[in-house]
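Q: I should like to learn how to read a model of this kind, beginning with a single residue and ending with a sheet. Could we proceed by question and answer?

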Amino acid sequence: MVVLGTGWAGTSFLRNVDTSQYDVKVVSPRNYFLFTPLLPSVTCGTVEPRSIAEPIRNIMRKKGEQIQFWEAECHKIDPVNKKILCRSNICTNSEGKGEFAVDYDYLVVALGAKPNTFNTPGVVENCHFLKEIEDTQRIRRSVMNCFERACLPGLSDEEKRNNLHFVIVGGGPTGVEFAAELHDFVSEDLANLYPTVKDLVKISVIEAGVHILTMFDKRITEFAEQKFQRDGIDVKTNFRVIKVNDKTITMSSGLTGEISVPYGMVVWSTGIGTRPVILDFMKQVGQADRRVLATDEWLRVPNCDGVYALGDCATISQRKVMEDIAAIFRVADKDNSGTLTVKGIKDVLEDICERYPQVELYMKSQQLENFADLFKDASDDALKESKKLDIEVFKKALANVDSQVKMLPATAQVAAQQGNYLAKCFNKMKICEEHPEGPLRIRGSGRHRFHPFGYRHLGQFAPLGGEQTAAQLPGDWVSIGHSSQWLWYSVYASKQVSWRTRFLVVSDWIRRFIYGRDSSCI
Ligand code: FAD
């Protein structure tokens with residue numbers, strides 16, 4: 001059994017799989033597990049990098065069984081010959097290539113994703129990403145460099161202001177958390193150390209949608225926007241970044257047209273894209289027209305013997321969701337005319353969005369902006385009543401959802417639950433084969449040994465700075481403020497993968513309370 005990746009999905013799988021039943025080999029360019037939810041805290045020195053990294057060999061050792069780990073990158077999956085091709089960046093073999101091949105019976109693909117730049121010119125060259133531990137160190141250094149540069153003699157106020165303009169592109173949870181962290185760092189620590197330039201600092205969040213934190217409850221979005229306004233963080237919604245050069249970032253909106261603003265540092269956090277090795281694999285297995293690798297509900301890659309995919313690199317194909325959507329339209333179209341009034345269509349879409357938040361996110365994205373235009377035209381009541389729209393147009397637009405959108409959120413929660421689920425299936429595989437009369441589950445017209453994967457949402461947090469956090473817990477229970485911040489501390493301390501990292505993270509928090517954050521440019 002070969003496991004690709006040591007992130008949330010891969011590590012959760014490794015921790016739970018019964019290694020006495022399988023000969024497990026792990027391939028990853030990262031020899032540690034990274035607790036990604038605390039990455040924004042590392043950018044400003046609230047938590048140290050090593051506190052959120054657990055060596056993968058520590059995790060393997062605790063299993064007590066022989067697992068082999070190779071620090072290398074898989075650059076090709078060959079499902080026909082059941083092998084993967086790997087490349088090590090730290091060593092070259094006798095032929096000087098550092099390349100090797102590994103055969104597998106079972107392949108668990110948990111490669112995660114890469115930052116998505118939407119091919120915006122200049123982003124890769126000029127922006128920071130926030131995905132790996134190295135990114136956080138680069139950002140930390142860059143923030144300090146901006147402050148030190150602004151203090152050099154001979155700079156005009158204008159130049160100092162430009163150096164101290166921090167831009168965050170993307171108003172999702174990561175961008176918002178980073179903006180809040182940075183604001184706290186500046187106001188609680190750097191303002192005392194750089195008193196001459198503290199008033200020239202500006203933090204901007206640029207978001208293409210109408211609001212920030214759209215995946216959260218409306219109350220949280222509103223609170224976050226108001227808090228950022230009070231804190232002096234400039235939130236620019238409805239702005240799309242079109243290019244970035246080494247000094248300015250250019251964006252456009254319907255109202256203002258194109259504008260370019262100078263910056264000191266840009267952090268790009270606009271979601272995730274598919275890794276090249278997965279794109280290549282998708283071509284081989286007939287999924288070239290999709291954006292995300294699809295699996296069935298048991299996390300198996302269709303038509304690909306022994307290959308499973310989980311976490312950010314894959315999505316469960318939701319044929320059932322599409323069937324539900326078709327059924328909702330059918331019920332609404334009482335007279336079976338194939339058309340609905342504008343209001344009828346609006347009700348149907350609201351119903352769909354309520355059931356499937358991911359569809360709502362997709363509809364809000366660029367591709368379906370024409371929906372909004374349509375409803376704008378229909379603001380007149382008379383038109384709402386009389387104008388009929390063809391259902392097929394809407395069904396066609398929504399049919400894309402399945403191939404373009406990751407139907408489960410790309411979060412650590414989903415990845416970890418999938419890793420755990422798949423490990424349990426593998427652990428039971430032998431018993432099921434020996435006792436085929438055993439606990440078979442019936443689904444639809446077929447039979448299967450295991451339940452399909454079911455996601456259990458445990459809630460989500462949005463830290464907003466100033467020791468305030470917004471929490472959205474199951475049942476749409478919303479809590480915002482200082483009490484949620486303490487809930488955030490306790491949940492993230494308890495979720496650490498080892499007592500060592502738990503101790504380090506908690507002691508970093510205490511250190512920060514006592515001494516503040518470290519501002520050295522190391
Ligand atoms: P990853 O954790 O990214 O792991 C991928 C693994 O594959 C890595 O070990 C990588 O080194 C390895 N790999 C990559 N390429 C190759 C290759 N070619 N060959 C072999 N191995 C390879 N989620 C939450 O639920 N809550 C949060 O608060 C939260 N905060 C976040 C904050 C930040 C800054 C970020 C970046 C993400 C956050 N997430 C959060 C999302 C969460 O981190 C991801 O959803 C999760 O990491 C996905 O797990 P994964 O195992 O699929 O991928």
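A: Let us begin with one residue of this predicted model. Pro-40 lies in helix H2, which covers residues 39-43.

Q: Is Pro-40 buried or exposed?
A: Burial is read by counting neighbouring C-beta atoms within 10 Å, and 20 or more make a residue buried. Pro-40 counts as buried because 26 C-beta neighbours lie inside 10 Å.

Q: Which residues does Pro-40 touch, not counting residues up to four places away in sequence?
A: With those left out, Pro-40 touches Leu-130, Thr-174, Glu-177, Phe-178 and Glu-181. Phe-216 offers a distance to read as well: 176 residues along the chain from Pro-40, its C-alpha atom is separated from that of Pro-40 by 19 Å.

Q: How is the chain described as a whole?
A: The chain has 522 residues, of which 37% count as buried. It contains 18 helices and 29 strands. Among contacts between residues at least 6 apart in sequence, 67% join residues at least 24 apart.

Q: How should a sheet be read, and what is the order of the open sheet of 3 strands?
A: Strands of a sheet pair through backbone hydrogen bonds, either parallel or antiparallel. In this case the order is S15-S16-S17, and the pairing is antiparallel. Strands S15 (240-244) and S17 (257-262) are the edge strands, each pairing on one side only. From one strand to the next, the twist averages 25 degrees.

Q: Over how many bridges do S16 and S17 pair?
A: Strand S16, residues 248-253, pairs with S17 over 6 bridges in the antiparallel sense. Ile-249 stands opposite Val-261 in S17.

Note on methods: Residues are numbered from 1 along each chain as its sequence is written. This is a predicted model: local features need pLDDT of at least 70, side-chain atom pairs count only at pLDDT 80 or more; totals for chains, interfaces and linings use all residues. Helices (H or I, at least four residues) and strands (E, at least two) are DSSP runs, numbered from the N terminus. A residue is buried if 20 or more other C-beta atoms lie within 10 Å of its own, exposed if 12 or fewer, and partly exposed in between; C-beta atoms are placed from the backbone. Two residues are in contact if their C-beta atoms, placed from the backbone, lie within 7 Å. Two strands pair if DSSP finds at least two bridges between them. Axes are lines fitted to C-alpha atoms, for helices over the stretch in contact, and angles run from 0 to 180 degrees between N-to-C directions.
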